[in-house]
Amino acid sequence: MNQDFRELAHERVAIEAAALQSVTAVFDEATDQILTLLYNCSGKVFVTGSGTSGTIARRMAHLFSVSGTPSVFMQPSDALHGTMGALSPGDVLISISKGGESDEINNLSARAQERGVTVVALTSEPDSSLARLADHIQVFAVADQVDPGNLIAMGSTLMHAVWGDCLAVALMRMRGYSWTDVVFTHPLGAVGKLADLPGELEGLPAPPSSTS
């Protein structure tokens, strides 16, 4: 294999691995509030994003649903052509945008709030338009070149992905959502054919019945 490529690949993996590890510093009181909000959500959790963030949003919504938190990906442009009619009071919208200035994300988020939806922003810019309008903000500090040229969304979107993974597992444990529950909604593929399921995850204390 080309040695130059190996060196590049090792460097890239190290950069992105460090970015993922840095997510542990993201978790704060805002995260606690978001976790409580999602646990107590009386409606559905919608996740939105554009470009690579949209791919991560779709993944996050899928994994939330698989692990017991009903969630749906909302494509922002489609939403602004009528799909946002699915939003109702009591829902939560997680809006993912590193820069926080994507017009379609901000427009959708503002309109969602007008329908009684609580908006959670995942962004790296605490003073961005998205951060200013959101009800809850999770700020991600992205180191230099985590995204190549600080332009191409690579490592930063993986940070959003692992943040979502952590919340999905925590919510699963809070709800006591079992592997039997998981397999019931996942009957196809190798998962659906499993005869022996793993031991249940240890439970976590449920947060207060409040979205504050």
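Glu 16 and Arg 12 are both buried, and in this predicted model their side chains meet in a salt bridge, with N and O 2.9 Å apart. Both residues belong to helix 1, which spans residues 3-22. Because they sit 4 residues apart in that helix, about one helical turn separates them. If you have the structure open, this pair is a friendly place to start.

The salt bridges in the model come to 3 in total, so let us visit the others, taking the cut-off of 4 Å between a side-chain nitrogen of Lys or Arg and a carboxyl oxygen of Asp or Glu. Arg 59 pairs with Asp 165, and their closest N and O atoms are 2.8 Å apart. Arg 59 comes from helix 3 (residues 51-66) and Asp 165 from helix 7 (residues 155-175), so this contact ties together parts that are 106 residues apart in sequence. Arg 59 is partly exposed, at a relative accessible area of 35%, and Asp 165 is partly exposed as well, at 26%.

The remaining pair joins the side chains of Asp 147 and Lys 98, at 2.6 Å from N to O. This link also connects distant parts of the chain, 49 residues apart: Asp 147 is in the loop between strand 5 (136-139) and helix 7, while Lys 98 is in the loop between strand 3 (92-96) and helix 5 (103-114). What about their surroundings? Asp 147 is buried, with a relative accessible area of 0%, whereas Lys 98 counts as partly exposed at 27%.

Stay a moment with the loop between strand 5 and helix 7, where Gln 145 is also found. Most residues other than glycine have a negative phi. Gln 145 is not a glycine, yet its phi is positive, at about 70°. Asn 150, in the loop between strand 5 and helix 7, likewise has a positive phi, of about 55°, without being a glycine. In terms of accessibility, Gln 145 is partly exposed at 31%, and Asn 150 is partly exposed at 37%.

Now turn to the surface, where Glu 101, Asp 103, Glu 125 and Asp 127 gather in a patch of negative charge. One of them, Asp 127, lies in the loop between strand 4 (118-123) and helix 6 (129-133). With a relative accessibility of 64%, Asp 127 counts as exposed, because the cut-off for that class is over 50%.

Another exposed acidic residue is worth a look: Glu 29, in helix 2 (residues 29-39), has a relative accessibility of 64%. To get a feeling for distances, compare its C-alpha with that of Met 74: the two atoms are separated by 27 Å, and the residues are 45 apart along the chain.

Finally, step back to view the whole chain. How many helices and strands does the protein chain have? There are 9 helices and 5 strands, and along the sequence they follow the pattern α-α-β-α-β-α-β-α-β-α-β-α-α-α. Measured out along the principal axes, the C-alpha atoms fill a box of roughly 50 × 45 × 35 Å. The radius of gyration is 18 Å, which agrees with the value near 17 Å that a compact globule of 212 residues would have. Of those 212 residues, 39% count as buried, and Glu 16 and Arg 12, where we began, are buried too.

Conventions:
Residues are numbered from 1 along each chain as its sequence is written. This is a predicted model: local features need pLDDT of at least 70, side-chain atom pairs count only at pLDDT 80 or more; totals for chains, interfaces and linings use all residues. Side-chain values use heavy atoms; hydrogens and water are left out. Patches are made of residues with over 30% relative accessible area and no salt bridge: like charges are joined within 9 Å, nonpolar side chains (Val, Leu, Ile, Met, Phe, Trp, Tyr) within 5 Å. Accessible areas come from the Shrake-Rupley method with a 1.4 Å probe; for residues, only the protein chains shown count as cover. Lys and Arg count as positive and Asp and Glu as negative; His and the chain ends are not counted. The place of a charge is taken as NZ of Lys, CZ of Arg, CG of Asp or CD of Glu. Helices (H or I, at least four residues) and strands (E, at least two) are DSSP runs, numbered from the N terminus. Buried means under 20% relative accessible area, exposed over 50%, partly exposed in between (1.4 Å probe, protein chains only). The radius of gyration is taken over C-alpha atoms; the globule rule is 2.2 Å times the number of residues to the power 0.38.
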